[in-house]
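Reader: I'd like to walk through a new model with you, feature by feature. Could you show me how to read each one as we go?

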Amino acid sequence: MKLYYYQRPDGQPNFGDELNRWLWPQLLPNFFDQNADSGFVGTGTLLNARLPERLQTARQVVILGTGAGYEQPLKEIPPHWRICCVRGPLSAQQLGLLASKAVADSGILVSRVFSAESLKRHRVSFMPHIHHANYAAARWQAACQSAGINYIDPRWPVEKVLTHISQSQRLLAEAMHGAIVADALRVPWIPVVTSPRILAFKWQDWCQSVGLKYRPQYIPPLSQYPQWGRGLRSGVAAATHWGRAGRQGGGIAAQALIDAQQEWLTEKLTDIAVRIEPSLSDIDVLSVRLAQLADHLEHLKVTGTQARSI
């Protein structure tokens, strides 16, 4: 079976995507063959109208813990696809699937192959979205250093990211799979949004799957980000983001402060880390989701591409 996951056109690694290449061969040893005529889709927001085209040469396709949200919605599920489960209830609803198909993002399975370190070296860590790491890594690193916050780059190797997350007492996460892994490794996390390009749908989808509410903290976009109008989903999204940032102590006026004073960004990160109560799913809920995913894994080991459709 061929492992399919999103790979950036520039070849740059991104933690949430590279997690597939690291995770699945450990969970399903001797299962993958990149020359195979069947496909496997795991972690990622990939269930959209473009996926059938991307997998058009696959004779069979298995979906496990994948999410919907980006691109145009998938209008019809191809008959040769076997959907074991999806990320959460919003993905299931969008695809017209039974509620039982909504399990969790398969990224939580890291807890089966990676042991979190008991020694917490970092009081707080921050992990930006891949796009914002590309545009403003130096700015974020400087702010984190001033605030005494450990910076985690989503472009690092998977095991390095996992180690830094597991060594943290709490994580400020703009990268969703940073939060997903933190939750699986029992590290409390706080969602942070610094531009309107962050897709709330996929966060809400995953949060609902583990019984949590999505309560992000908004920070105005940094001046290093591209001019607005490039990469945004709508002007409404941009206006909404600015409004929320304003209500949380940011706003357009704060953008000038960010440009003029690095201290403002440092203080904002510190305030979020200290004042905001982090999220962490109930261990019993998480255990149920892990057991459901593990059940699908065991069935795949026996049946291969002929995964059951519940």
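Author: Let's take the overall make-up, then the strands, the pocket, a helix, the cysteines and two backbone angles.

Reader: Before anything else, what kind of model is this, and how many helices and strands are there in the protein?

Author: This is a predicted model, so keep that in mind throughout. The protein has 11 helices and 10 strands. Of its 310 residues, 56% are buried.

Reader: Which share of the contacts between residues at least 6 apart in sequence joins residues at least 24 apart?

Author: That share is 66%.

Reader: Okay, on to strands. How do I read their pairing?

Author: Strands of a sheet pair through backbone hydrogen bonds, and they do it either parallel or antiparallel. For a case here, try β4, residues 60–68. Strand β2 (residues 38–41) runs parallel to β4, joined by 4 bridges, with Ser38 sitting opposite Gln60.

Reader: Which way does β3 run relative to β4, parallel or antiparallel?

Author: Parallel: β3 (residues 45–47) is joined to β4 by 2 bridges, and Thr45 has Gly67 as its bridge partner. Then there's β5 (residues 81–86), which pairs with β4 over 5 bridges, again in the parallel sense. In that pairing, Thr66 is matched with Val86.

Reader: Is β4 mostly covered or mostly open?

Author: Mostly covered: 9 of its 9 residues are buried.

Reader: What is the strand order in the open sheet of 5 strands?

Author: Read across, the order is β7-β6-β8-β9-β10, and the pairing is parallel. The edges are β7 (150–151) and β10 (217–218); each has a single partner strand, so one side of each lacks a neighbour in the sheet. As for β7, its link to β6 (residues 125–127) is 2 bridges, running parallel, and there Phe126 is partnered with Tyr151.

Reader: Now the pocket. How much space lies in the largest one, and which residues lie nearest its centre?

Author: When you read a pocket, take its volume and then its lining. Here the largest pocket holds about 740 Å³ of space. Its lining counts 32 residues, and those nearest the centre are Tyr6, Tyr70, His129, His131 and Lys202. The elements giving two or more residues to that lining are α1 (15–27), β3, α4 (130–147) and α6 (176–184).

Reader: How do the lining residues divide by chemistry into nonpolar, polar and charged?

Author: You get 11 nonpolar, 11 polar and 10 charged residues in the lining of the largest pocket.

Reader: Lys202 came up at the pocket. Which residues of its helix, α7, are buried?

Author: For a helix, list the buried residues, then ask what they pack against. In α7 (residues 200–209) the buried ones are Lys202, Trp203, Asp205, Trp206, Cys207 and Ser209. So Lys202 is both buried in α7 and among the residues nearest the centre of the largest pocket. The buried residues of α7 pack against β3, α3 (89–95), β8 (171–173), α6, β9 (189–193) and α11 (283–303). After α7 comes Gly211, with a positive phi near 75°.

Reader: How many disulfides does the structure hold, and why is there no bond between Cys84 and Cys85?

Author: The count is 0. To check such a pair, look at the sulfur-to-sulfur distance. The closest cysteine sulfur to that of Cys84 belongs to Cys85, and it is 6.2 Å away, which is too far for a bond; the cut-off for a disulfide is 2.5 Å.

Reader: Are those two cysteines buried or exposed?

Author: Cys84 counts as buried because its relative accessibility is 3%, and Cys85 counts as buried because its value is 0%.

Reader: Last one: which residues other than glycine have a positive phi?

Author: Two to look at are Glu71, with phi of about 65°, and Arg186, with phi near 65°. For each, find its place in the chain and then its accessibility. Glu71 is in the loop between β4 and β5, and at 45% relative accessibility it counts as partly exposed. Arg186 is in the loop between α6 and β9, and it is partly exposed too, with a relative accessible area of 28%.

Terms used
Residues numbered from 1 in each chain as written. Predicted model: local features only at pLDDT ≥ 70, side-chain atom pairs only at ≥ 80, totals over all residues. Heavy atoms only, no water. Buried < 20%, exposed > 50% of the residue type's maximum accessible area, 1.4 Å probe, protein only. Pairing = 2+ DSSP bridges. 1 Å grid on protein atoms, 1.4 Å probe; cavity = no way out; pocket = protein on both sides within 12 Å on 5 of 7 lines; lining within 4 Å. Points joined across faces, edges and corners; volume = space filled by probe spheres on them. Nonpolar A, V, L, I, M, F, W, Y, C, P; charged D, E, K, R; others polar. Contact = heavy atoms within 4.5 Å.
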